[in-house]
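Colleague: Before we talk, could you put the model on the screen for me?
Modeller: Here it is, and afterwards please ask about any term that is unclear.

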Amino acid sequence: MHVVMIGTGYVGLVSGACFADFGHTVTCIDTDADKIAGLKRGVMPIYEPGLDVLVGANVRDGRLSFATDPAEAIATADVVFLAVGTPSRRGDGHADLSYVYAAAEAVGRLIRGYTVIVTKSTVPVGTGDEVEAIIRRVAPHAEFDVASNPEFLREGAAINDFKRPDRVVVGAETERAIEVMRELYRPLYLNETPLVVTGRRTAELAKYAANAFLAVKIGFINEIADLCEQAGANVQHIARAIGLDKRIGPKFLNAGPGYGGSCFPKDTLALSRTAHDMGSPVTIVDAVIAANEQRKLAMAQLVVQAAGGNVAGKTIAVLGLTFKPNTDDMREAPSLAIVPALQAAGATVRAFDPEGHQEAKKHLTGVEFASGPYECLEGADLAVIITEWDQFRALDLTRVAALLDDKLLIDLRNIYGFEDAAKAGLTYRSIGRPTHEAPRAALAVG
Ligand code: UDX
């Protein structure tokens, strides 16, 4: 099949490369000429493990190409995906759909023969109806259907998520469109991926419901972590204890400094606004949004408290700035709230992130960037782990202690244990775990 991606951002590029790898012929379109020129030379506009190799191989095999002008590709396309950005509209948190609508109009003018136009961008319920109306207006006689096919890709694991998804959701209103979408995803039948076929509005809302539910799960475990600190209980053990219940599931129960990224903050807000407008508020999601914002700031207070109530004049080594590991994405990262708050409290912040420096420099001021984790720690008073990159999981803690003047390690991702840190001579503070646990409190699942 011939597939066109309108928008070669994160979702468009990963999806395009993966569809090409399935054997389809894919053209990725973007208005950003520099980005397209770079991709033609093999330069990836984002950091995503394995993407450069996947793109390179499919370009070489002639299944994947890039262009700024969509005319030629759309004329022969079976499926055109709209994968343009839907940022939060400034001021009200609604998803800004202007790029989606502009793309729909452009596509409408260019389609020839039966084409399925698919929204892959996360769009509020009802957007497909509007896309259909726009195309009908500019191309009254065109043969087309509009479908919804939300993505569930995690940054850093996007290729695997695309190729081995838990499910694929397709929302469409005609059998003809459903058949085209089935054909497109046929390679996934081999591993028996469930294809959930539903109405278009349902598919649109399902995406928001999925992300909001995961955000609620994180918000919930973070509040339980706070409670654990008061109660002398261990949140990791609670996550295990409840996660083994199949109705709850073990994933997304890691307490931390709050969720960030390009999806959860934006999508929860957009869902909240839509629900409010429709007179059916999602109060649980509203509470999680507020708690998550508050949490990021509370993390800076936690650091100050752990440092004895005052960080003025201290140098704080920050390990990890991106909103999670294996990405250079800084959007809504907890570090963007924590670092400025520590600076405002009078601390000097020195940071190291394996991939995030370039993006971080756009958002943070007055931060010194170190060339590695130990360089970051050298001569600092205390250290804070904000993002759980693999290379921070196996630090030589004795060396860490030797490099830090106050011998204080604050671990906002719970990647170390109290005993190992204490053995290395560190004062250790983590999230939702007692600072010291009797051996009988160690977790054992038999
Ligand atoms: C998410 C969804 O997982 C994906 O399906 C959707 O398409 C886009 O949004 P992503 O934002 O890439 O993906 O990252 P994810 O791994 O879900 O993590 C989001 C945030 O939640 C990160 O800040 C992460 O640190 C945080 N998180 C995640 C926790 O704090 N605890 C957890 O247990 C899991």
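**The ligand and the two domains**

Modeller: An oxygen atom of the ligand is 2.9 Å from a polar backbone atom of Asn254. The model is a predicted one, in which local features need pLDDT of at least 70 and side-chain atom pairs count only at pLDDT 80 or more, while totals for chains, interfaces and linings use all residues. Residues are numbered from 1 along each chain as its sequence is written, and side-chain values use heavy atoms, with hydrogens and water left out.

Colleague: What makes the pair of Asn254 and the ligand a polar contact?
Modeller: A polar contact is a pair of N or O atoms within 3.5 Å, and the distance for Asn254 is 2.9 Å, so the pair qualifies under that definition. A backbone N or O atom of Glu155 lies 2.6 Å from an oxygen atom of the ligand, and for Leu153 the corresponding distance is 3.1 Å.

Colleague: How do you know how much of the ligand the protein covers?
Modeller: Accessible areas come from the Shrake-Rupley method with a 1.4 Å probe; on its own the ligand has 670 Å² of accessible area, and the protein covers 93% of this.

Colleague: Why are nine residues of the shell called nonpolar?
Modeller: They are called so because Ala, Val, Leu, Ile, Met, Phe, Trp, Tyr, Cys and Pro count as nonpolar; the shell also holds three polar and six charged residues.

Colleague: Which domains supply the shell around the ligand?
Modeller: Domain 1 (2–198) and domain 2 (210–429) each give at least three residues, with bounds that come from an automatic or database domain assignment. The C-alpha centres of domain 1 and domain 2 lie 33 Å apart.

Methods. Polar contact = N/O pair within 3.5 Å; in protein donor to acceptor, adjacent residues only side chain to side chain.
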